[in-house]
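Please open the model in your viewer and display it as a cartoon. The tour below proceeds by selections, each followed by a description of what is found there.

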Amino acid sequence: MMNPILAIDGYKVSHREQYPEGTTKVYSNFTPRSDRHFHSPVADGKLVFFGLQGFLQWFLVDMFNERFFARDEQEVTAEYKAVMDSYMGKDAVSVEHIRALHQLGYLPLHIKALDEGSKVAMKVPVLTITNTRDEFFWLVNYLETVLSAELWKSSTNATIAHHYRLICDRWAEKTCSDLSHLDFQCHDFSFRGMSGLQDTAQAGCGHLLSFKGTDNIPSVLYARDYYTVGEEYFIAASVPATEHSVMCMGEQAGEIDTFRRLICDLYPQGIVSIVSDTWDYWRVLTDYTRELRGAIMAREGRVVFRPDSGDPVDILCGTATDSDTRLARTPQEKGSVEVLWEIFGGTVNEKGFKVLDPHVGLIYGDSITLDRAEEILRRLAAKGFASSNVVFGVGSFTYQYNTRDTFGFAMKATYGEVRGNGRMIFKEPKTDDGLKRSARGLLRVVRDEAGEYQLFDEQTWAQERQGELKTRFLDGKLYNTAHLETLRQRLAAEQ
């Protein structure tokens, strides 16, 4: 495991000596600056802030304690020197500031942040960070790179998941009488497409603010370790489900027997999800279902069919126009939901929309996007079906195809002190379009009469201590932590 004092961009090692002589304080903030690269049918110009508490505990506390402060001082400084001598040139970088930090025994930082799970408009800082001891002014922006790398994606994915929830909520309100399906309507399938184990755990936890269905077990453990304080608490769940290797091993000629074994022998009750497009999806949905109808209807539970290829909108809703009611339409023209309705029937809810018999269901888990989810639920409603008839498997196509620029995250210094004199600092490049213009001086964030976060810059220290940015980390310890349930309720209340 890496020594955390080396988790930096290379140019950071030179900055300490580049600050003006007599520098004693650096004050920075981390802010989403723009959502111009984020596209959603329910875009509202806001970010869901999430991920700081976990980062503070596992990196700034646990990793620094284990991999830096608990190690022998000479060992730590020798490692730092060896790396710097090789990287920057022999004796080009001093190690005395690293030695001094190790002797101090904790990170002399004060980090304040907004409540996680809250929604923040662009250009409103989600956190500020400054040093608590004069000689460690260099540490503030020294940690910029790792702080940015570990925080942007958690908030980005929490925001994306929230937008899926907004879409599902909106169509459920229009087409469903029973809303109990919503917590599980979007299921996290992203693990295999993420950038490693820490990434999938950390970013995947953002999904759990809006939904309780996931196949991403590391994210459940991450939520348990950093957002439930060890309490007995329901975080998320999944169901038995097949993959193509299982279906292929049963051989194409015996595919229906594989279905029968799964439905009758292995899982005679409860939910079981079966991938159904290994060979001929429409044969499964029109022939196998009729042959197995009695067994399916006799089960205490639901058989969920999972198409895994093709255009998700067409597979679920059909290729025919919504107004096409010809009796001679093919299964492909009707779409999966209508085909299952014809075979298994169901009920019409109080709002006048069809709900499939609870013994069958559908989940589509390939290349789902916010726009496709919206279009699928819109077309189902146009065909007279409730939105609860489908579940979405949300994968890395959604959760990995993003960057720090999706919400324009950046950490910038806005205030400093040199020989006891405060300096309001800012950047405002003439060659920029306004995106990179920073706030100025000390910052305060307050809620206005409508409950929206508002930024005030150029503040006094007395003003800076007020507002919604609350102490989360101070001199090696966490403060004002929150439970996952609190975050979930907070976000649900802000919809």
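Select C186 and then F392 in β13, its bridge partner. This is a predicted model, in which local features need pLDDT of at least 70, side-chain atom pairs count only at pLDDT 80 or more, and totals for chains, interfaces and linings use all residues. Residues are numbered from 1 along each chain as its sequence is written, and side-chain values use heavy atoms, with hydrogens and water left out.

Extend the selection to β6 (residues 186-188) and β13 (residues 390-394), parallel strands joined by three bridges. Strands (E, at least two residues) and helices (H or I, at least four) are DSSP runs, numbered from the N terminus; two strands pair if DSSP finds at least two bridges between them.

Next, show the open sheet of six strands, whose order is β7-β6-β13-β12-β9-β8, with parallel pairing. At its edges are β7 (213-214) and β8 (272-275), each paired on one side only.

Now select H187, F189, S273, I363 and V391, the residues closest to the centre of the largest pocket among the 47 that line it. A pocket is an open set of points on a 1 Å grid over the protein atoms alone, where a 1.4 Å probe fits, with protein on both sides within 12 Å along at least five of seven lines; lining residues have an atom within 4 Å of a point.

Finally, colour β12 (360-364). With four residues, β12 gives the most to the lining of the largest pocket.
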